[in-house]
Amino acid sequence: MANCYCGSSTPFEDCCQVYLKGTQKAPTAETLMRSRYSAYAIGDANI
């Protein structure tokens with residue numbers, strides 16, 4: 001597993017992917033913005 005695109009040392013599947021899939025709500029504005037960057041990085045900015 002690769003680290004998340006947002007810059008954390010957590011795997012993408014355990015970090016931003018849960019917010020992008022709508023499984024969980026981002027707890028902070030920073031987390032939301034990091035997840036949006038991850039969506040951009042994977043080419044799925046329409047999420």
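A residue counts as buried when its relative accessible area is under 20%, as exposed when that area is over 50%, and as partly exposed in between. With that in hand, let's walk through this predicted model, starting at E13. Its relative accessibility is 38%, so E13 counts as partly exposed. Along the chain, E13 sits in the segment before helix α1, which covers residues 17–20. If you look from E13 to A29, you move 16 residues along the chain, and the C-alpha atoms of the two are separated by 20 Å.

Now for the aromatic rings. A pair of aromatic rings is described by the distance of the centres and the angle of the planes. The structure holds two such pairs. One of them joins Y5 and F12, with 5.3 Å from centre to centre and 70° between the planes, an edge-to-face arrangement. The partners differ in how they meet the surroundings: F12 is buried because its relative accessibility is 10%, whereas Y5, at 41%, is partly exposed.

Another aromatic pair is made by Y37 and Y40. Here the centres are 6.2 Å apart and the planes make an angle of 45°. That angle counts as tilted because it is neither under 30 degrees, which would be stacked, nor over 60, which would be edge-to-face. Where do Y37 and Y40 lie? Both belong to helix α2, residues 29–41, and they are three residues apart, about one turn of the helix. Y40 has a relative accessibility of 59% and therefore counts as exposed, while Y37, at 45%, counts as partly exposed.

How values were computed:
Residues numbered from 1 in each chain as written. Predicted model: local features only at pLDDT ≥ 70, side-chain atom pairs only at ≥ 80, totals over all residues. Heavy atoms only, no water. Phe/Tyr/Trp six-rings, centres within 6.5 Å; stacked < 30°, edge-to-face > 60°. Buried < 20%, exposed > 50% of the residue type's maximum accessible area, 1.4 Å probe, protein only. Helix = DSSP H or I, 4+ residues; strand = E, 2+ residues; numbered from the N terminus.
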